[in-house]
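Hi,

Here is the structure I promised to pass on. Have a look at it first, and my notes follow underneath.

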Amino acid sequence: MSKNHRGSGIRSLPAHGRGTCAICGKTDIKVLWEKEINGQTVNVCKFCNAKLKNEARVEARKAKPAAEEAAPAAEETPAAAE
């Protein structure tokens, strides 16, 4: 199968979607992913996009057990008062 349309979505972007990543600072790299960092929307490369996703996934995994530990303790407190 031919690959005639590969990259056609970024041909209309300035510099064909290439620029400087706001996180790692690499130049002339595809910066196609928009992320909100410190209240600003910036374009990042795919490596930094993956890093941000992995960090969010790890934080969510760490927050889940902490929330589960707090929930049973909150349920036991009203039962003891009765």
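A question to start with: is H16 buried, partly exposed or exposed? H16 counts as partly exposed, because its relative accessibility is 45%. This residue sits in the segment before β1. The backbone there caught my eye too: phi of H16 is near 55°, which is a positive value in a residue other than glycine.

Before going further, please keep in mind that this is a predicted model. The mean pLDDT of the protein is 88, and 87% of its residues reach 70 or more. Confidence is highest in strand β1 (residues 18-19), at 97, and lowest in α1, at a mean of 81. As a general caution, where pLDDT is low the predicted coordinates should not be read in detail.

Now the layout. You'll find one helix and four strands, and from the N terminus on the order is β-β-β-β-α. The helix, α1, covers residues 46-81. Of the 82 residues in the protein, 12% count as buried. The exposed area comes to about 6800 Å², with carbon and sulfur atoms supplying 52% of it. As for contacts, take those with a separation of 6 or more: residues 24 or more positions apart account for 8% of them.

The cysteines next. How many disulfides does the count come to? The count comes to zero. C45 and C48 show why this pair does not qualify: the sulfur of C45 is 3.6 Å from the closest cysteine sulfur, in C48, and that is too far for a bond. Coming from the other side, the closest cysteine sulfur to that of C48 is the one in C45, so the 3.6 Å again rules out a bond. For a disulfide, the two sulfur atoms would have to be within 2.5 Å.

Both of these cysteines are covered. C45 counts as buried because its relative accessibility is 1%, and C48 is buried as well, with a relative accessible area of 7%. The cut-off for buried is under 20%. C48 lies in helix α1. Leaving out residues up to four places away in sequence, C48 touches C21, I23 and C24. You might also check C48 against K35: they are 13 residues apart in sequence, and their C-alpha atoms are 9.8 Å apart in space.

Staying with helix α1, there is a charged pair to look at. A search of the whole structure finds one salt bridge, and the side chains that form it are those of K51 and E55, at 4.0 Å from N to O. The two residues both lie in α1, four residues apart, about one turn of the helix. Are K51 and E55 buried, partly exposed or exposed? K51 counts as partly exposed, because its relative accessibility is 47%. E55 is also partly exposed, with a relative accessible area of 38%.

On the surface, L13, L32 and W33 make a nonpolar patch of about 230 Å². W33 has its place in strand β3 (residues 33-37). W33 is partly exposed, since its relative accessible area is 31%; a residue needs over 30% to be part of a patch, so W33 qualifies.

Last, the loop between β1 and β2, where I picked out two residues. D28 is found in this loop, with β2 covering 29-30. Phi of D28 is near 55°, again a positive value in a residue other than glycine. D28 counts as exposed because its relative accessibility is 57%. A22 also has its place in the loop between β1 and β2. Which residues is A22 in contact with, leaving aside its neighbours within four places in sequence? They are V42 and N43. A22 and I37 are 15 residues apart in sequence, with a C-alpha to C-alpha distance of 9.6 Å.

That's what I have for now. Shout if anything is unclear.

Cheers

Methods
Residues are numbered from 1 along each chain as its sequence is written. This is a predicted model: local features need pLDDT of at least 70, side-chain atom pairs count only at pLDDT 80 or more; totals for chains, interfaces and linings use all residues. Side-chain values use heavy atoms; hydrogens and water are left out. Patches are made of residues with over 30% relative accessible area and no salt bridge: like charges are joined within 9 Å, nonpolar side chains (Val, Leu, Ile, Met, Phe, Trp, Tyr) within 5 Å. Accessible areas come from the Shrake-Rupley method with a 1.4 Å probe; for residues, only the protein chains shown count as cover. Buried means under 20% relative accessible area, exposed over 50%, partly exposed in between (1.4 Å probe, protein chains only). Contact means heavy atoms within 4.5 Å. pLDDT is the predictor's confidence in each residue, from 0 to 100.
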